[in-house]
Amino acid sequence: MGQNTRKAILRMGAVGILAAAIVAAGCAKKPPKPETSEEKGKRLFSQLGCNACHSVDGTTGVGPTMKGLYGSEVKLVGGGTVNADDAYIRESITDPDAKTVEGFSKGVMATAVSQQQVAQDGNLDALVTYIKSLGGDHAH
Ligand code: HEC
């Protein structure tokens, strides 16, 4: 290998490193936008498997749809109704058998949901925010 060839290779290497540095700097300038609570809730809704039983488009599955739930009046097993406010949605997630929606089975959700995961890192708040975004007066 001649001297000139070796120099040329070294120069190309330097250009490569420079290009990589520019690309890296470009990435560093644009950090990914932190997800909103609603986005986090949406992600968790599938990551924690909620979507296996709950649709968000009005279709009934193993469980009731989340569409339009927030602010609606929910009929319960054994008669009676409850207003689907924050507290009810929270309770439905953390203590699924506290109240059972008419037409659905008790115990199904309770065994399927990891309360440990729900309790982590503000996950519950995010799920509630997401469900609220799908429902009633607060739909958008
Ligand atoms: C294995 C199926 C299943 C999974 C998984 C599941 N659920 Fe449920 N869920 C149900 C069923 C069935 C009901 C209705 C019976 C009851 O009230 O417990 C219900 C009820 C609810 C309700 C009350 C709905 C209403 O119309 O009043 C909410 C809110 C809810 N689930 C949220 C969630 C969230 C959030 C997750 C994920 C962390 C989840 N569920 C995972 C089956 C499931």
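The following exercises, each with a worked solution, concern a predicted model of a protein chain with a ligand.

**Exercise 1. Describe the overall organisation of the protein chain.**

Solution. Begin with the inventory of secondary structure: the protein chain comprises six helices and two strands. Next, place these elements in sequence order, which gives the pattern α-α-β-β-α-α-α-α. Then consider burial: of the 140 residues in the protein chain, 16% are buried. Finally, turn to the contacts between residues at least 6 apart in sequence; 58% of these join residues at least 24 apart.

**Exercise 2. Determine how α2 and α6 are arranged relative to each other, and which residues form their contact.**

Solution. Two packed helices are described by the angle between their axes and the distance between the axes. Here the axes of α2 and α6 come within 7 Å and cross at roughly 95°. Angles of 65 to 115 degrees count as roughly perpendicular, and α2 is therefore roughly perpendicular to α6. On the α2 side, the contact is made by Ser37, Glu38, Lys40, Gly41, Lys42, Leu44 and Phe45. On the α6 side, the contributors are Asn123, Asp125, Ala126, Leu127, Thr129, Tyr130 and Ser133. By residue class, the contact of α2 with α6 holds five nonpolar, five polar and four charged residues.

**Exercise 3. Identify the buried residues of α2 and α6 and state what they pack against.**

Solution. Take α2 (37-47) first. Its buried residues are Lys40, Gly41, Lys42 and Leu44, and the buried residues of α2 pack against α6. In α6 (123-133), the buried residues are Ala126, Leu127, Thr129, Tyr130, Ile131 and Lys132. These buried residues of α6 pack against both α2 and α3. Leu44 illustrates the arrangement at residue level: beyond four places in sequence, Leu44 touches Asn123, Ala126 and Leu127.

**Exercise 4. List the members of the largest nonpolar core and name the element that gives the most to it.**

Solution. The largest nonpolar core has 11 residues. Its members are Leu44, Met66, Leu69, Tyr70, Ala84, Ile89, Ala126, Leu127, Tyr130, Ile131 and Leu134. With four residues, α6 gives the most to this core.

**Exercise 5. Characterise the shell of residues around the ligand.**

Solution. Count the shell: 29 residues surround the ligand. The closest of them are Cys50, Cys53, Gly63, Met109 and Ala112. Now sort the shell by class, which yields 21 nonpolar, six polar and two charged residues. As to origin, α3 (86-94), α4 (108-112) and α6 each supply at least two residues of the shell.

**Exercise 6. Establish whether Gly63 and Ala112 are buried, exposed or partly exposed, and describe their surroundings.**

Solution. Locate Gly63 first: it belongs to the loop between α2 and β1 (73-75). A residue is buried if 20 or more other C-beta atoms lie within 10 Å of its own, and exposed if 12 or fewer do. Gly63 has 19 C-beta neighbours inside 10 Å, so it counts as partly exposed. Beyond four places in sequence, Gly63 touches Cys53, His54, Phe104 and Met109. The C-alpha atoms of Gly63 and Cys53 are separated by 5.1 Å, although these residues are 10 residues apart along the chain.

Ala112 lies in helix α4. Because Ala112 has 15 C-beta neighbours inside 10 Å, Ala112 counts as partly exposed. Its C-alpha atom is separated by 8.4 Å from that of Gly49, 63 residues apart along the chain. Gly49 itself comes just after α2 and takes a positive phi of about 85°.

Conventions:
Residues numbered from 1 in each chain as written. Predicted model: local features only at pLDDT ≥ 70, side-chain atom pairs only at ≥ 80, totals over all residues. Near = placed C-beta within 6 Å. Nonpolar A, V, L, I, M, F, W, Y, C, P; charged D, E, K, R; others polar. Contact = placed C-beta atoms within 7 Å. Core = buried A, V, L, I, M, F, W, Y, C linked by C-beta atoms within 7 Å. Axes fitted to C-alpha atoms, helices over the stretch in contact; angles between N-to-C directions. Parallel < 35°, antiparallel > 145°, perpendicular 65-115°, else oblique.
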